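This report walks through one protein chain and its metal site. Please keep the structure open while reading.

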Amino acid sequence: MLSIDEHDFTIHKFQLLCEAIVATYPTVTMSEYMNKEHPARFVLMRHDVDRMPGHALETARVEHELGIRATYYFRSIKSVFKPEIMMQIQDMGHEIGYHYETLSEANGDPEKGIELFQSHLEDFNDVCQVKTICMHGRPLSKYDNRDMWKTYDFKDYGIIGEAYLSVGSELNYFSDTGRSWNNKNSLRDFIPNKIEDFTADTTDDLIDLIESCELENLYILAHPERWSLNMVDLGLYCGMDMAVNLVKKVLAAVRT
Ligand SMILES: [Zn+2]
């Protein structure tokens, strides 16, 4: 049986990724990037906390010890919205944002969606000051949560930007969705009109790309719950990821 050190998407591998980043690039948070307060070369590290917020605390610690500042987007659902965890992560120097899904929650009704958004945002702002937001792409929902901004403007709610809509095409985007960095498994998890020139299958490939210093910047999305803390975790998660990918493939086939 393989030891945890030989697997990809473990907290150990995450540590190696972070070590490669700090050795080659400065890191910036989402609001620093959006306010254009960043150097020419940088890594923008984003984390979507979809479930198991305890994992976010682990990745936040690894980054903090190395001096990385990342941006963590928390969902507003009860099992993820944990003020004590969010405050600890913020105290480490990371940025906290809102991973919203209110158009799905409101079954596509933008008016109801914005009401929910405002109310959840108030809950977030009681814990930390939210400057940026990021849509949660529910794979099984027919609504794209970003569509709410066709009717409303997030700037009216004190938000400076959205992690998909307010980023430039100069960013080289890498996401761990589908347990690979090359984004083939994702239906919605992409930046519109962006053609990816660089891909990386494994985290080792991504580390090589970082160490080569070829890219001016990297916009990295990592879901903390995908990075297993132990072998049991790893077994459970791989099984579940495979099932979700299968459903996504079927949906993609039906839609095309
Ligand atoms: Zn999400």
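How many bridges join β2 to β3, and do they run parallel or antiparallel? Four bridges join them, and the two strands run parallel. The model behind this and every statement below is a predicted one.

## Overview

The chain holds eight helices and eight strands. It has 256 residues, and 52% of them count as buried. Contacts reach across the sequence. Among those between residues at least 6 apart, 76% join residues at least 24 apart.

The accessible surface comes to about 11,700 Å². Carbon and sulfur atoms account for 53% of that surface.

## Strand β2 and its partners

Strand β2 is mostly covered, with eight of its eight residues buried. Phe42, Leu44, Arg46 and Asp48 point one way from β2. Val43, Met45, His47 and Val49 point the other way. Both sets are buried, and they include the charged residues' positions Arg46 and Asp48.

Several strands pair with β2. Strand β1 (residues 27–28) pairs with β2 in the parallel sense over two bridges. There, Val28 stands opposite Leu44. Strand β8 (residues 217–221) also runs parallel to β2, joined by five bridges. Leu44 stands opposite Tyr219 in β8. Towards β3, the bridge partner of Val49 is Phe74.

## Strand β3 and the crossovers

Strand β3 covers residues 71–74. Thr71 and Tyr73 point one way from β3, while Tyr72 and Phe74 point the other way. All four are buried.

Strand β3 also pairs with β4, again in the parallel sense and over four bridges. In this pairing Tyr72 stands opposite Ile96 of β4. Helices link these strands. β2, α3 and β3 make a right-handed β-α-β unit. β3, helix α4 (residues 83–91) and β4 make a right-handed β-α-β unit as well.

## The nonpolar core

In soluble globular proteins, nonpolar side chains tend to be buried together. Here the largest nonpolar core has 67 residues. Which members touch the most others? They are Phe74 and Trp181.

Phe74 has a long contact list beyond its neighbours within four places in sequence. Val49, its bridge partner in β2, is on that list. So are Pro53, Ala56 and Val80. Ile85, Met86 and Ile89 touch Phe74 too, and these three numbers fall within α4 (residues 83–91). The other contacts of Phe74 are Ile96, Gly97, Tyr98, His99 and Phe124.

## The zinc site

Which protein residues donate to the zinc ion? The donors are Asp50 through OD, His99 through NE2 and His136 through ND1. They lie 2.1 Å from the zinc ion. In sequence, the spacing of the donor residues is D-x48-H-x36-H.

Asp50 lies in the loop between β2 (42–49) and α3 (53–66), and His99 lies in strand β4 (residues 95–100), so the pair ties together parts that are 49 residues apart in sequence. Asp50 counts as buried because its relative accessibility is 13%, under the 20% cut-off. His99 is buried as well, with a relative accessible area of 1%. His99 also belongs to the contacts of Phe74.

## The loop after β3

Ile77 lies in the loop between β3 and α4. Is Ile77 buried or partly exposed? Ile77 is partly exposed, at a relative accessible area of 25%.

Leaving out residues up to four places away in sequence, Ile77 touches Asp50 and Glu101. Asp50 is one of the zinc donors. Ile77 and Tyr100 are 23 residues apart along the chain, and their C-alpha atoms are separated by 9.7 Å.

## Positive phi angles

Phe9 is not a glycine, yet it has a positive phi of about 55°. Phe9 sits in the segment before α1 (11–24). At 3% relative accessibility, Phe9 counts as buried.

Cys213 is not a glycine either, and its phi is positive at about 60°. Cys213 lies in the loop between α7 (203–212) and β8. Cys213 is partly exposed, with a relative accessible area of 32%.

Definitions and conventions: Residues numbered from 1 in each chain as written. Predicted model: local features only at pLDDT ≥ 70, side-chain atom pairs only at ≥ 80, totals over all residues. Heavy atoms only, no water. Buried < 20%, exposed > 50% of the residue type's maximum accessible area, 1.4 Å probe, protein only. Contact = heavy atoms within 4.5 Å. Areas by Shrake-Rupley, 256 points an atom, 1.4 Å probe, with all protein chains shown as cover. Donors = N, O, S within 2.8 Å, 3.2 Å for Na, K, Ca; no water. Pairing = 2+ DSSP bridges. Right-handed = clockwise from strand over helix to strand, strands pointing away. Core = buried A, V, L, I, M, F, W, Y, C linked by side-chain atoms within 4.5 Å.
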